[in-house]
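Subject: A structure for you to look at

Hello! Here is the structure I promised to pass on to you. Please open it alongside this email, and I will walk you through what turned up.

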Amino acid sequence: MFYPSQSPAISHKLAHPHHVNVQDQSPWSRNVNHTHTHHPQQSIGPPPPSPGYPLYTNGAVNPIQHHPHHPLSHPPLPPHQHQNSLSHYPSPPNGHIHPQHMGQASPGSVGSQIITPHWQQQLLKCEMIRSSRSSHHRARASAMASRTVIKSAIPITNPNLVKPSMSTSVDITESSSKDPPGTPALSSTPALSAGESSPGVANSVVNHPSSTVAPIAEAPRPTAKPPQNTWNSLDMGGINIKNIPPSSGLFKFTFLINLYLNHNALTSIPAGIAKLRHLELLDLSGNNLSTVPAELGMLTQLKELYLFDNHLVTLPAELGSLHQLQTIGVEGNPIDTSLKAIVQKDGTPALISYLRDSCPVPSPPPERLWKSLISPQEREALAADPATETLSTLCYNILCEKYATERLYGYTPSWALSWDYRKELILTEIMNYDTDFLCLQEVDIAQYEDYFVKHLQGQGYEGIYWPKSRYKTMSDADRRQVDGCATFYKADKYCLVERHLIEFSTVAMQRPDFKKTDDMFNRVLGKDHIAVICLFEVKETGTRIILANAHIHWDPAYRDVKLVQVALLVDEIEKIAANFARMPPRPDTPRAPVYSDGSKIPLIICGDFNSVPSSGVYEFLTNGSVPPDHPDFMSHLYGRYTTDGLRHRLGLRSANAAAGELPLTNYTPSYQGEIDYIWYSTANLAVNAVLGEVDRGYLEKVVGFPNAHFPSDHICIISEFRVKPPRPPALLPTAS
């Protein structure tokens, strides 16, 4: 792209003909020796220069814009029109502090006269931004740097490196997506996405740390990849832009990672900037901004936000959701002294935490609406029929207390992240829905025993619980923090016949066709996820119900393991159902249904499957089969699963499918999608209603869950079913 030597729009800022030549260097490593030329102060338009800082314009110092009293050679400076400008902490461009100016700190500064490392970084970045006011400065520097790198770069390869297979390379790509929050993007070309490697994992790149195996490592969440594009930075700096309309096409560039709007004449920023969710750097320095929109708080991927040299007095509390922000540039603004003092003393993270925890609670969302799949007349007829049996099931990953850390959920106010606050919301929600069955995931032993059992027993529930397998190797104190699956049922309506724990790694070890596969040892056995299968009978009618509660592995780099775990679960359900069908009816229910085989018993499978509707897991459960070469096996070997494929005869369907799958059941800044499901056997169950989605208008205003209104990063899902029982033919003649 051709860049003119000087933009015509910047001419009013370069009014003086004299320029002292200075070597043009990268704005991030500038160390300039200045030749001072003094002229009367002139009005050059916004923004005003700060004391002691020359303003660079394409490699030159403009003497008109250079402050006439350099702090290195003149008496103390008069007050600057920005009351909290660099006169508080004067620092020449070379970054050295001079003792004669240390006494000039204003009342707005911290009590100490020593500049903290946080503030030194602030001043350094402020200087670099001020040196970038020429038109398209960053674009020019980037073009020059890229030409230099191309000419001098010598690729070095490892001659002993074994080239990985395609599936392995995709695996590595997905795994490497979980960079620390401060890792900068090194390439303008997005890496191969999971969706490109397999249609079964589109939008499934979700690092759900609350499902990692022990010991719990607070691995950072992945950053959602922006839409693929050949460029991801846009430099609109120094070209005298006075207004950006709300309908600007700029906000359609959702792939942008870096956006430079510095040194223009902007007086406001439209709220539409919130659409640029992948921004990591936003430079609004050197404008005429007196406020910034609260919607900036939606840009949770931001790591650098430069607001230098504007007219900002305060900052919206909504910026507290910018949990990855490393620098917020406030120097050169008449900013509130208390806010500036936080940055000076403890840095940007401290300011973000303060704003986050002091942010007003947003308005609550509207109640989630029920989606009925039968007409009002049908519902009335079912209610009038005494033979009709209905049941309702709630599925909810409640976010275990141990995983709800500020590092993983830095956008959530600390008070809303605390277990004491969240547990009340969780309990209130599940008790208000008053369903027959509750299937909860990520419930630790202490929560189950000390909180849920205690309170739910008072509502007529009894529970079944198993923690993940890791608890067996831990001390008594540590094992109480291990999460697992809890199933509750209405004890006055159902009786528990049997309960079964499915430890996927243990079941895999017991399969003879798995014992000789390295992939099973290397990939499956290291995961301690579980499922709990409960067998119930309706006390009044003897109708039998099989209810499974599962939590499947989270990592998209192990989607083969997800598929194997679900296949193992289905295999176990089929065995358990067959045995259940052979059990005789209870003596007190002589007219109970007779089940010729296990597939005739109503079956419900609930859980956090960590799989999207386009995944192999969803395909297998819905269609009853997947081929042995399915992409989600990722070319790994799992005995008969990868030689014959997967099959089941349970006739399953997602309860939400009839009304349209929910747009999301998990909502965080880096991932929004459906990964929780309630499956049912279509031969003997039908869906009456499902709980609808969260209001979309509300979601547009919040960055993610948990928050003040939603106590987990998941939402609960609920389905109401009616039973279609088989008629016992042996009892029909007796009835006549």
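Let's begin with a question: in β10, which residue is the bridge partner of C395? The bridge partner is C439.

Some background before we go on. This is a predicted model, in which local features need pLDDT of at least 70 and side-chain atom pairs count only at pLDDT 80 or more, while totals for chains, interfaces and linings use all residues. Residues are numbered from 1 along each chain as its sequence is written, and side-chain values use heavy atoms, with hydrogens and water left out. Helices (H or I, at least four residues) and strands (E, at least two) are DSSP runs, numbered from the N terminus. Two strands pair if DSSP finds at least two bridges between them.

**The seven-stranded sheet**

C395 belongs to a parallel pair: strand β9 (residues 390-397) is joined to strand β10 (residues 437-444) by five bridges. Both strands sit in an open sheet of seven strands with mixed pairing, in the order β8-β23-β24-β9-β10-β12-β11. Its edges are β8 (370-372) and β11 (461-467); each has a single partner strand, so one side of each is left without a neighbour in the sheet. From one strand to the next, the twist averages 25°. (Axes are lines fitted to C-alpha atoms, for helices over the stretch in contact, and angles run from 0 to 180 degrees between N-to-C directions.)

Helix α9 (residues 419-433) packs on this sheet, touching β8, β9, β10, β23 (685-691) and β24 (717-723); contact means heavy atoms within 4.5 Å. The direction of α9 makes about 165° with that of β9. Helix α10 (residues 445-457) packs on the sheet too, where it touches β10, β11 and β12 (483-490). The axes of these helices, α9 and α10, come within 11 Å and cross at roughly 35°. Among the residues that meet there are W419 and L427 in α9, and Y451 and F452 in α10.

**The six-stranded sheet**

A second open sheet, also with mixed pairing, has six strands in the order β13-β14-β15-β16-β22-β19. Here β13 (494-503) and β19 (652-654) stand at the edges with a single partner strand each, so one side of each is left without a neighbour in the sheet. The twist averages 20° from one strand to the next.

Take a look at strand β15 (residues 544-551): eight of its eight residues are buried, meaning under 20% relative accessible area, with exposed over 50% and partly exposed in between (1.4 Å probe, protein chains only). In a regular strand the side chains alternate between the two faces of the sheet. On one side of β15 are R544, I546, A548 and A550, and on the other I545, L547, N549 and H551.

Which residues stand opposite L547? C534 does so from strand β14, and I604 from β16. Strand β14 (residues 530-538) runs antiparallel to β15, with seven bridges joining them. The two form a hairpin with five residues between them, and G542 in the turn has a positive phi of about 85°. With strand β16 (residues 603-608), β15 pairs in the parallel sense over six bridges. Helix α14 (residues 559-582) lies across β13, β14, β15 and β16, running at about 25° to β14.

**One more helix**

In helix α6 (residues 348-358), T348, L351, I352, L355 and R356 are buried. Seen down the axis, they fall within an arc of 135° (taken from the directions from the helix axis to the C-beta atoms), so they line one face of the helix. They pack against β7 (327-329), α5 (337-346) and α8 (414-417).

Enjoy exploring!
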